Amino acid sequence: MSYHYIKVLVQDRIGIVTLHRPEVLNALNLQLVYELVTELERIETDDSIRVIILTGNEKAFAAGADISEMAGEEAIPMLLKDQFVVWDRIAKISKPIIAAVSGFVLGGGCELMMNCDMIIASETTRIGQPEIQLGVMPGAGGTQRLTKAVGKVKAMEMLLTGEHITAEEALKFGLINKVVPVEMYFKEALRMAQQIALQPPVAVRLIKKSVLKAFDTSLAEGLDYERNCFYLLFSSEDKEEGMNAFLQKRKPKFTGR
Ligand code: CO8
């Protein structure tokens, strides 16, 4: 498949998707989002890929939705077009997605980052939801996912002032996993992806689903879901392999069955 605004590389069971509109700091136009979702869904069905890295460039992961594309929009045509139908498909990807971010991570860029499962940031990263400064507000999950990640008061501050925070501050508030020097952020994401790619894929998938369940169910329902997933894994060959390997003091070799 050939794309205009993303680049794709597959190596060692890792699908690396790079946002590529550098001239506008990877502003997310509709075509880019469409290409991204198309590729993520292709990877979803590709058994040779176990983990995804989503990245941009050193200057920007993404500086938000494309303002020049949005500027002429009106409410009713926008509602009828409902671009978020495509966007919502990102949250349905069952393979783990690691965001490797640097530079500007703003607006829809921050919302995209928060759709990922783990986040490695360079120390030059600036994260924010500046939509209020454009007279609007986040529309792709910013008020919800940011609040769940950093808590009410910090989310209010970021959303109501539109100010950016540093990677260090984001780390302090639990929004990201790790801050590393700029020359290391992609390598660190790759290191994490390589570790996950060696794990049993069905367990990886069920762990991701169970963790995400915690966001929209009661504790009792979440625990019930977790327990059923736990039992299910006892029917897998990878459970046999993992436990036998431990007992035989060797490294397991998981197949995904
Ligand atoms: N949209 C379109 N073009 C952009 C965007 C953007 N979001 N951000 C930067 N650009 C363009 C600039 O217009 C400029 O283009 P040109 O060279 O042709 O003038 C180029 O990128 C470089 O930008 P700057 O010259 O402004 O670079 P600076 O280093 O001076 O500033 C900033 C960098 C601070 C990031 C600045 O560009 C900025 O404030 N950008 C806008 C950030 C923003 O407000 N983002 C939120 C957008 S709204 C949103 O995301 C709503 C999400 C809703 C759901 C989305 C689903 C996809």
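Let us start at helix H7, residues 152-161, where Ala-155, Met-158 and Leu-159 are buried. Looking down the axis of H7, you will find these buried residues within an arc of 90 degrees, so they line one face of the helix. The reason such a pattern can arise is simple: an α-helix has 3.6 residues a turn, so residues three or four places apart point the same way. Keep in mind as you follow along that this is a predicted model.

What do the buried residues of H7 pack against? Their partners are strand S8 (126-128), helix H6 (142-150) and strand S9 (165-166). Turn to the face of H7 that points away from this buried side, and you meet the exposed residues Val-153 and Leu-160. Just after the helix comes Gly-162, with a positive phi of about 75 degrees.

Two of those packing partners, S8 and S9, lead us into a sheet. It is an open one made of four strands in the order S4-S6-S8-S9, with mixed pairing. Strand S4 (60-62) and S9 stand at the edges with a single partner strand each, so one side of each has no neighbour in the sheet. Further in, S6 and S8 pair in the parallel sense over three bridges, and Phe-104 stands opposite Arg-126 in S8. As a reminder, strands of a sheet pair through backbone hydrogen bonds, either parallel or antiparallel.

Strand S6 (104-106) also takes us to the ligand, since S6 and helix H2 (67-70) each supply at least two residues of the shell around it. In total, 22 residues surround the ligand, and the closest are Ala-27, Gly-64, Ala-65, Gly-107 and Gly-108. By character, this shell divides into 15 nonpolar, five polar and two charged residues.

Now for another group of strands, with S7 (residues 118-122) as our guide. S7 is mostly covered, as four of its five residues are buried. Four bridges join S7 to strand S5 (residues 97-101), and the two run parallel; here Ala-100 has Ile-120 in S7 as its bridge partner. S7 is also joined to strand S10 (residues 178-180), again running parallel, by three bridges, and Ser-122 has Val-180 in S10 as its bridge partner.

Where do these strands meet the nonpolar interior? Follow Ala-189, which, leaving aside its neighbours within four places in sequence, is in contact with Ile-53, Ile-98, Ala-100 and Ile-120. The largest nonpolar core has 59 residues, and Ala-189 is among those with the most contacts inside it, along with Ile-53, Ile-98 and Met-113. Helix H9 (residues 185-197) gives the most to this core, contributing six residues.

Finally, two loop residues deserve a look at their backbones. Asn-26 has a positive phi of about 55 degrees although it is not a glycine, and its place is in the loop between strand S2 (14-19) and helix H1 (30-44). Asp-82 is not a glycine either, yet has a positive phi of about 40 degrees; you will find Asp-82 in the loop between helix H3 (75-81) and helix H4 (84-88). Is Asn-26 buried or exposed? With 29 other C-beta atoms within 10 Å, Asn-26 is buried. Asp-82, by contrast, counts as exposed, because it has 10 C-beta neighbours inside 10 Å.

Technical notes. Residues numbered from 1 in each chain as written. Predicted model: local features only at pLDDT ≥ 70, side-chain atom pairs only at ≥ 80, totals over all residues. Buried ≥ 20, exposed ≤ 12 C-beta atoms within 10 Å, placed from the backbone. Arc of directions from axis to C-beta. Contact = placed C-beta atoms within 7 Å. Near = placed C-beta within 6 Å. Nonpolar A, V, L, I, M, F, W, Y, C, P; charged D, E, K, R; others polar. Core = buried A, V, L, I, M, F, W, Y, C linked by C-beta atoms within 7 Å. Pairing = 2+ DSSP bridges.
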